[in-house]
Amino acid sequence: MEKTAGRSIFARREIDMTQGSIISNLLKFAFPLLLGNLFQQLYNMVDLWVIGQTRNNDAYAAVGSVGPIINILIGLFSGFASGAGVIISQYYGAKNNEKVKEVTHTAMALTFIMSAIFTVIGLAISPALLKLMLSSQNDASSVYPYAKTYLLIYFAGVTGLLIYNMGAGILRAVGDSTRPFYYLVAAAVTNIVLDMVFVFAFDMGVAGVALATIIAQFLSAMLTVAELMRTKSCVRFSFKNLCLDLQILKKIAMVGAPAALQMALTAFSNVFVQSYIAGVNGDQTLCLSGWTSYSKIDQFIFLPMQSLSLAATTFVGQNLGNGDIKRAKKGTYTAYFMATGITVILIVLVMAFAPQVASVFNDDKGVVDYAVKLLRALTPFYIFCCVNQVFSAALRGAGNAKAPMLIMLGTFVIFRQVYLFVVSNYISNELLPVAFGYPAGWFLCCVITLIYYKKVGFQKTRIFSEE
């Protein structure tokens with residue numbers, strides 16, 4: 001195995017997490033990632049805000065309701081992207097630059113192939129999944145056309161998002177979360193400007209916000225690929241070196257396939273969850289719109305713990321690649337306590353200012369009332385998600401994606417679907433009892449994840465087992 005003696009060839013923005021302060025490493029990595037994720041959320045947030053200003057609640061509910069369908073395919077791809085990132089981070093920690101280059105080019109080749117496949121699949125399955133998701137809503141016919149328009153345009157241009165996600169994941173795997181952040185800022189600003197132009201100036205409605213989104217995503221993809229092509233580090237990319245190395249693909253699949261399956265099936269399960277939400281007693285369009293507003297705020301609350309979780313994945317990957325299990329474990333607990341502290345602060349703020357926060361997206365009183373009810377009932381339970389996010393991410397960083405997959409599928413999919421069926425049919429079909437399917441799943445996942453981590457930890461680290 002050919003290895004280099006030092007790190008002098010790496011770009012200064014890359015972070016070697018095998019040495020130095022753990023808190024400093026996590027913060028340096030997570031902060032740009034947090035800001036980047038914040039700007040990424042601006043894509044759909046601005047779409048919702050712009051549509052909300054048109055006072056068309058059907059269009060507003062449509063743009064907000066398509067997330068679970070989009071996340072089925074995006075989650076499937078993100079799992080493989082995370083697999084590639086874990087392998088790169090471990091080879092980086094082991095200072096094996098040649099292997100890093102091989103994984104980079106195989107991962108990018110896989111991305112181009114999957115982009116074509118996902119475009120076709122997305123366009124084909126979107127109408128059927130929409131009908132399934134809205135089947136419980138009496139007024140589904142009023143929401144469906146807007147949602148279908150958004151999804152068809154979105155999936156026609158999904159290639160940009162996939163290329164960015166993989167490229168950014170490659171950079172993050174070697175500790176560089178700064179440049180992906182810059183490219184998301186550029187994309188978010190572009191999206192905001194185009195939203196305003198397409199909707200307010202050209203009156204394109206839902207089609208306008210969807211078109212603005214895919215144009216912005218293509219911009220971030222081009223910037224990321226350009227960075228990979230000009231970087232002086234070991235992840236330098238060249239189209240002429242594209243390849244599909246079967247051994248590397250096997251390693252990506254070993255780590256990525258379980259994560260991909262988990263993300264895709266969880267997203268698919270959320271299609272059914274949303275059908276239950278759409279079918280609760282009350283004004284269903286207002287309820288779905290309120291759920292839309294809550295869901296966007298939910299995504300913002302998740303950002304710090306998700307950013308620190310990704311930092312934990314890279315931290316664990318690099319340190320296990322370097323053979324330092326003790327430091328990997330210490331970094332995991334540090335990331336968990338940091339995520340919990342920040343999340344508690346956000347919980348307090350959101351509960352205190354729930355009406356003001358909810359009205360940012362749509363100030364219709366009925367919509368705000370539903371959103372506030374959800375925020376104040378569900379927000380305290382996000383502390384359980386810190387455990388799920390950080391410890392599952394750490395296990396993936398160790399190359400063990402199978403256990404988090406099984407735990408999350410069991411709690412977020414199977415348990416949650418059983419809960420929703422029983423509650424809605426035999427106990428109460430009101431909004432809050434149905435919505436509590438989420439925190440019930442979070443709590444169960446938290447307990448099982450902690451038990452598994454305590455018993456197994458990083459024993460299943462197999463990335464280098466064949467070398």
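Here a biologist asks and a modeller answers about the predicted model shown above.

Biologist: Let's start on the outside. Which helix gives the most residues to the nonpolar patch on the surface?

Modeller: The patch is formed by Trp49, Val189, Val193, Met196, Val197, Phe200, Phe202, Met204 and Val360, with about 760 Å² of accessible area together. One helix, covering residues 178-201, supplies 5 residues to the patch, the most of any. That helix is H7.

Biologist: Trp49 is in that patch too. Is Trp49 buried, partly exposed or exposed?

Modeller: Trp49 sits in helix H1, which covers residues 22-53. Buried means under 20% relative accessible area and exposed means over 50%. The relative accessibility of Trp49 is 33%, so Trp49 counts as partly exposed.

Biologist: Now let's look at two helices that pack together. What is the handedness of the crossing of H6 and H8?

Modeller: H6 runs over residues 159-173 and H8 over residues 205-230; they pack at an angle of about 35 degrees, with their axes 8 Å apart. The contact includes Gly160, Gly167 and Ala168 of H6, and Ser220, Ala221 and Thr224 of H8. As for the handedness, the crossing of H6 and H8 is left-handed.

Biologist: Ile170 of H6 is part of that contact. Which residue of helix H4 is in contact with Ile170?

Modeller: Look in helix H4, residues 97-133. One of its residues has 0% relative accessibility and therefore counts as buried. Leaving aside neighbours within four places in sequence, its contacts are Ile88, Ile170 and Val235. The residue is Thr104.

Biologist: Here is another one for the inside. Is Ser289 buried or exposed?

Modeller: Ser289 belongs to helix H10, residues 284-321. Not counting residues up to four places away in sequence, Ser289 touches Asn57, Tyr60, Ala61 and Val367. Its relative accessible area is 0%, and because buried means under 20%, Ser289 is buried.

Biologist: What about Pro355? How far is its C-alpha atom from that of Cys445?

Modeller: Pro355 is in helix H12, residues 354-359, and counts as partly exposed because its relative accessibility is 31%. Leaving aside neighbours within four places in sequence, Pro355 is in contact with Val368, Val372 and Arg376. Cys445 is 90 residues away from Pro355 along the chain, and their C-alpha atoms are separated by 30 Å.

Biologist: Let's turn to the loops. Which residue in the loop between H7 and H8 has a positive phi without being a glycine?

Modeller: Its phi is near 55 degrees, and it lies in the loop between H7 and H8. At 68% relative accessibility, it counts as exposed. The residue is Asp203.

Biologist: And what is the phi of Lys95?

Modeller: Lys95 is in the loop between helix H3 (67-93) and H4. With 22% relative accessibility, Lys95 counts as partly exposed. Lys95 is not a glycine, yet its phi is positive, at about 60 degrees.

Biologist: Now for charged pairs. How many residues apart are Glu102 and Lys99 in helix H4?

Modeller: Glu102 and Lys99 form a salt bridge, with their closest N and O atoms 3.6 Å apart. Glu102 is partly exposed, with a relative accessible area of 32%, and Lys99 is partly exposed as well, at 23%. They are separated by about one helical turn because, in helix H4, they are 3 residues apart.

Biologist: In the salt bridge of Asp369 and Lys365, which residue is exposed?

Modeller: The closest N and O atoms of this pair are 2.9 Å apart. The two are 4 residues apart in helix H13, residues 365-378, so about one helical turn separates them. Asp369 counts as partly exposed because its relative accessibility is 40%. The other partner has a relative accessible area of 62%, and so the exposed residue is Lys365.

Biologist: One last pair. Are Asp176 and Arg179 buried or exposed?

Modeller: Their side chains meet in a salt bridge, at 2.4 Å from N to O. This is part of a model whose count comes to 6 salt bridges. As for cover, Asp176 and Arg179 are both buried.

Note on methods:
Residues are numbered from 1 along each chain as its sequence is written. This is a predicted model: local features need pLDDT of at least 70, side-chain atom pairs count only at pLDDT 80 or more; totals for chains, interfaces and linings use all residues. Side-chain values use heavy atoms; hydrogens and water are left out. Patches are made of residues with over 30% relative accessible area and no salt bridge: like charges are joined within 9 Å, nonpolar side chains (Val, Leu, Ile, Met, Phe, Trp, Tyr) within 5 Å. Accessible areas come from the Shrake-Rupley method with a 1.4 Å probe; for residues, only the protein chains shown count as cover. A salt bridge is a side-chain nitrogen of Lys or Arg within 4 Å of a carboxyl oxygen of Asp or Glu. Buried means under 20% relative accessible area, exposed over 50%, partly exposed in between (1.4 Å probe, protein chains only). Axes are lines fitted to C-alpha atoms, for helices over the stretch in contact, and angles run from 0 to 180 degrees between N-to-C directions. A crossing is left-handed if the near helix is turned anticlockwise from the far one by less than a right angle, and right-handed if clockwise. Contact means heavy atoms within 4.5 Å.
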